[in-house]
Each structure stands twice: as structure tokens, then as C-alpha cells.
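Please work through the exercises below with the sequence and the coordinates side by side, and attempt each task before reading its solution.

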Amino acid sequence: MNTGAFVCSCAGTCDIDLEAAREGIDDVDVAASSRLLCGDGLEGMEHVVEEHELDQLIVTCPEASAQERIREAAIERGLHPDAVEFVDQRESAGWVHGESEATAKTARLVNAANAGLENESVGRSLTYEAGERVAVVGDPETAAGLAEGADVTLIADGRDFADTEYDLEDVRIERGRVVEVEGSFGEFELRVRSRVTDDCISCMECVREAPDGKATRHPVDLDPDVDDESLPELCPTDAIELEGAERTLEADQVVYPEATDSSRGGRLGFYTAPITPAKVSAIERQLGGVTKPEFLDLEMDVCAAGASSQAGCNECVEACPHGAVERARIDEVEFREELCQNCGACTSSCPTGATQLREPSNERIAREVETLLVPDEVERSWLPGRSGSGIDDAVVAFVCSERAEDALREYGRLAAAGRADVEYPPILPVRVNCTDTVGEAHAMHALAAGADGVAIVGCGGSCLHSGPDPKAELVERLERATTDLGLGNRVEFFAPDPDEPEAFVDSLTAFVDGLESTPVPAGEHEAEGGIDDPGRENPAFDSHGWTLESVRAILAHVEPERRVIRGLKDFGVVDVSDACTLTPTCSNLCPTDALRRTETGLEFNHERCVNCELCEEGCMEDAIAVDQGLDLSLLPENRDEEDPAWSTVFEGSMLECRSCGKEFTSERSAERIKGEVGDLVSGMAPHAEGSIFDYCSECRSKLLYDRSGE
């Protein structure tokens, strides 16, 4: 693939040195620049495309109309419409940073975009069938608009449609107020409560006698505040239930303008206010079913959810805010991909890599981070590194592609319009679907690649996915881990408000100013995303393996303050008490093969343990406890043993059958059973040599059957 990069200064309105930015772009076939690429520069761009036979373009241009002109010019030169990648050099660089910082950042953004394209996933789609039933709550306008193509039910929700101006002839109208909406696309259930049942014949007797404003005519219903016990006596069909009657209505999609974002939970086919033409079009497109991108790569063979009716890891179920992951059985989780909203919550919480985002994949994110952090080459004095006036503090910012990204764009526009003094440190943005995409592995990798700090920039309290302060727990854990590693606090969460740029500028500036230069050099670490362990078959860039790789890269440059690094949830340390009887339960249950039974006891591989606690849950003797943390002393590079990856956690011997010689239980287990029931079976096999507990079950059965000794 021939790739060309084009840098524009938006008619000189971006404070960028075009020549310097062009020279800072690496690993492309050609880099060019223009003062106004979408205008006078188009002809030159077309010439470069033809001359270098380019089939991939990376263009610094954030304006939609200008992007369209550039894309059309590329199509005319034979390129695919998707072969043009756009980078925002304006709102996120030239309008909020000084020239040197904006120039350096622009070059790095182009380089990161190029690295990301090299790791872009091939798209896949999923198709889900559904019906054409749409439930609309309290909104006659939307109900009337959808009635032509859909089977629409309008739930009154306490409103009176007797004098409505909308044509509801083809709309089924249901009385009652919505109590709860359960289910998912194609299978929604709305629980509705009313004071009047379906036996009502709309005779208006109750409406006439009810207090003003407390009864509706169409459909007939009574306000929940009405407590006149004489009203039921008026009804000729006994349709009035003052205590309230509930029923369930089914629908494939739901329009509920007054529902909260939290109650919607990001569910596909559930729409809240404002009900825009775009949302109505989406509803109509989804009648009968939907085809959507396949967001996840699933490798359930490495899932640590459980085994043999024992529940293990539950991280993805607890993390998913959309109900797309459920525990189908006690020892298995199931993904409902039609409900997936591509937020990445399950993928960042999964320790084994059983679920990973397809786009952006962890590998793509890793390559973008590494590229952003590559220091400027020494000979390029025009673009100084940390010791000069360019990007002095390298802070990787994982930016949510929804409201957070919109807020940063608004800051740039406010600054360019002269309506706000917005200038903040040149953080290096990595676009993610949602801050839920970001886990401990992403942050630790950025620090291993040489970042001075990590900013997680999300929606905050109004986040459609995570809810209030979504990353507080993650930041707290990471601060504990980075402190234990000797790096100090280097991670923070920010929720930019479009209307309050000063608050964001102040908080981000304080964070960056408080950072000391990292001892980890930038540009030297390229992640492979795993552990060098042939016996571990987890996919690359799983949280556990990727995090451990990053920690090892960091340890080469720091002096950790503790032996056990706290805060990293995907690592566990096993402790085994004397109650252990060496039954194979724990080693059989362990999904990562981190436990193994030997001739002399039980051994533990800390590199493999993902802290799922399945061994602890399944141990019949309650002999195992698992504590969270990464114990550096248990890593093979810190152990002088013949097999350094394994450490003995319990010593004990297996008992061989006195008759056939087969190992069948532990000596400790045999002694325990002998002590509990030995007196009860004494003398049952008088011809046996020693105790019958010295024999395996098969040989013991023979002894008990042939008591004569023959």
C-alpha cells in the first residue's frame, strides 16, 4: 500500500509550521502540505496522488464539507471512499496550543493515524431478526409518524388523546402508566399500571364523576391520586381497580421520550428524548430486524467464568452496562452481541482475552500509543523533544469518542472565535469508543512506552454507559500500582464540560504540571501483548499478559517500593493451608493451568494466575485463599530454581495402593478419613495387610467382598 500524508493549515488559521510538520511525518511514501488543501491545494494533492500512485491518504482536515471535497477528489483519482483518513490538527492542536507544540502534535497525530491503519480490523456484520411492533410512550406525534410502516402501540402514560391533532387511526392506544421496561431489541416487555381494566366500555360514568383533571376520556383511565371509593360502584362492567392493575405489553422497539438515560442503558431499539428525525429513521430502518457491525472477537476457550458447576470470573457480566453479557449457567457466561453497544467494558475487564474489541483492537491502540510517544529525532532540531519547546510532557490521553471528544472540539472553536481563553498542555489523544474501553493494561502499556502520565478523558456523570464517575475505581487502583512501582501517581480521569473550558484547562494543567519526567525512556518499547510461556494459549493483548509485559518493561528502569504490587486486579497470589488434602479439584478447575499437583505437593504459577478465584470457590477443604496483587518475587526472572515459573505452595505426599501400587489419594486425606471412620470399619477385612485405607477404591472393594482371604 502506498500512503501519502497531507498537512493543511486551514488558510493559515492554524498555528502550525507546515514545513516542520511535514518533515516530522514518518513511514509514509510522501508527505505534502498546503495552506488550504480543500481549495487551491486540491489540484496539487491530485497530482501527488497520481505521481506516487497512492491508495491511502492521511489528511489533516476536521471540517465536514472540506472532507467531502477532498474525498471526492480522491475518488476521482481512483481511490476507495474509505481510503481517506482524517486527522484533527485544528480544534485539538493548532487552536489550543502554541506553534511549536501544535506542530509537533500534528506530526505525531498523523504518524499515529498511520500506525492505526496498519492494524485496522476487517469489518464483519451480524444480522438479527425482529418484528415491526413499536411501543410509543406518551408521544402521539411520533406514533402517528411511524404508523404507516410499523405496528404502533401508543401507551397513554396518563395523557388524554381525545382532542389530539395527530392522526391516530392506525395506532392502537393503551391506557396506563409505564412502570418498567425490560428486555432487549425484538423482545421488549413494558410493565403498565392502570386504574381501569380492559373491561372498560368507555361509558364515561367515571370520567363524569371524577375530580377535574383526574380522569382521561381517550383512553379512559383514572389518576393514581384518585381514591373515591364510590367510582367502582358506578362502573357497569366492574372495570375500575383503585388498587391498580398491571399488565405486560410486548414490543420490538420502544420510544419513551421521558425515560432516563440510565433506564435506557444504551439498549438497541430503545429511544429517549429528543426524538429527532434521525432517530425516527433509525427506528424505521430496524423494522423487521437489524444488521450491525460485529464488535467483539470471542475466544471462549480461554474464558475463566467457571467449570464443573463452579462459578469463577464474573468481570464481564458485572462490567457490561447494556445487559449484553449474562451468566447463562453457573459456570458459563454468554454474550448477546445484538445488545452490544461497542463500549469495551467487557473487554477491558476480561483478564484472559476471551472477549476483545475488534475496532479499535488493543493492538491498534498499542501501536498508536507507541507512535505518539516516539521522541523527535535528534537531527530534527526544529521539532525538539522533552528538553526543548515542543512537547515537554508526554501525556497520553484516552479520549471517549462521544461527548468528551465533542467537548474538546468545542474548546478549540471557542478559542478560535475569541470567546474563551483556552490553551492547555498538548496531551496526545488516542480515540477510544468509550472510556470503558480503557483498563489497567492500556494505562500500564502507555507508561511502559514512556508516557509521563495518562489522562482518561470521558463523559463524567452523564455517561450513557458507565454512569457517574466511571473511572474512579480504575484510577484509584492504578495510582496504587504506579506508586508501588516507584513511579508515583501518573493517572487521572477528566470529564470536560463543553460550557466550562476553564475548569478542564485548570485541572489538566495542574495534573501535567505535577508530573515528573518518567524514568522510562520513550520510543524503546514495542509491545507483543503477552507472556513468553508456550503453555499459555491466551490471545495476544489480553489484559493479564499485556499488563505483565508492561510491568516488566517498567521494572527495567525503576526501583519498586514494594515486593507485591497492589491495584492490579488481574493478578492473584495463592495461599494454601494445612487443610489441603491434595485432591485434584483446584488444578482441574484452574482455567489458566496456574496450579499443578506433583509427587511432593501443590505448585503455583503466578505468571498464569488471573485472580478468578475459581480454585478458592471449588476447594472442598476451604484450604485455598487467593489475594489480589502482583508478587514480583514469584516471577521466574526473580527466582533461582530449576523450574522458576513454579513455586511450591503446599508440601505433601500421595499414598500408593498397598495392592496395585497406584497413587489414589494424599497421605493427609487418608489419615483424616481413617481418623473419622476408622473405628467403624475396623476388622471388616481381617486378611488385609495394614488398614483398608491403604488400598485404592477398587482393591478395597475386592478386600471387602472376599473377607475369607481367598
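Two exercises follow, on a sheet and on cysteines, and both concern a predicted model.

**Exercise 1.** Determine the strand order of the open sheet of four strands, and then place helix α3 relative to β3 and β4.

*Solution.* Begin with the pairing: the four strands of this open sheet follow the order β2-β1-β3-β4, and their pairing is parallel. The edges come next, and they are β2, at residues 30-34, and β4, at residues 84-87, each of which pairs on one side only. From one strand to the next, the twist averages 20°. Turning to one pair in detail, β3, which spans residues 56-60, is joined to β4 in the parallel sense over four bridges, and Leu-57 stands opposite Val-84 of β4. Finally, helix α3, made up of residues 64-76, lies across β3 and β4, and runs at about 155° to β4.

**Exercise 2.** Establish how many disulfides the model contains, and explain why Cys-203 forms no bond with Cys-235.

*Solution.* The step needs a cut-off, namely that two cysteine sulfur atoms must lie within 2.5 Å to count as a disulfide. By this rule the count is zero. For Cys-203, the closest cysteine sulfur is that of Cys-235, and because the separation is 5.9 Å, it is too far for a bond. Cys-657 is likewise in no disulfide, the nearest cysteine sulfur being that of Cys-660, 3.6 Å away. As a last step, consider accessibility: Cys-203 is partly exposed, with a relative accessible area of 34%, whereas Cys-657, at 4% relative accessibility, counts as buried.

Definitions and conventions:
Residues are numbered from 1 along each chain as its sequence is written. This is a predicted model: local features need pLDDT of at least 70, side-chain atom pairs count only at pLDDT 80 or more; totals for chains, interfaces and linings use all residues. Side-chain values use heavy atoms; hydrogens and water are left out. Two strands pair if DSSP finds at least two bridges between them. Helices (H or I, at least four residues) and strands (E, at least two) are DSSP runs, numbered from the N terminus. Axes are lines fitted to C-alpha atoms, for helices over the stretch in contact, and angles run from 0 to 180 degrees between N-to-C directions. Contact means heavy atoms within 4.5 Å. Buried means under 20% relative accessible area, exposed over 50%, partly exposed in between (1.4 Å probe, protein chains only).
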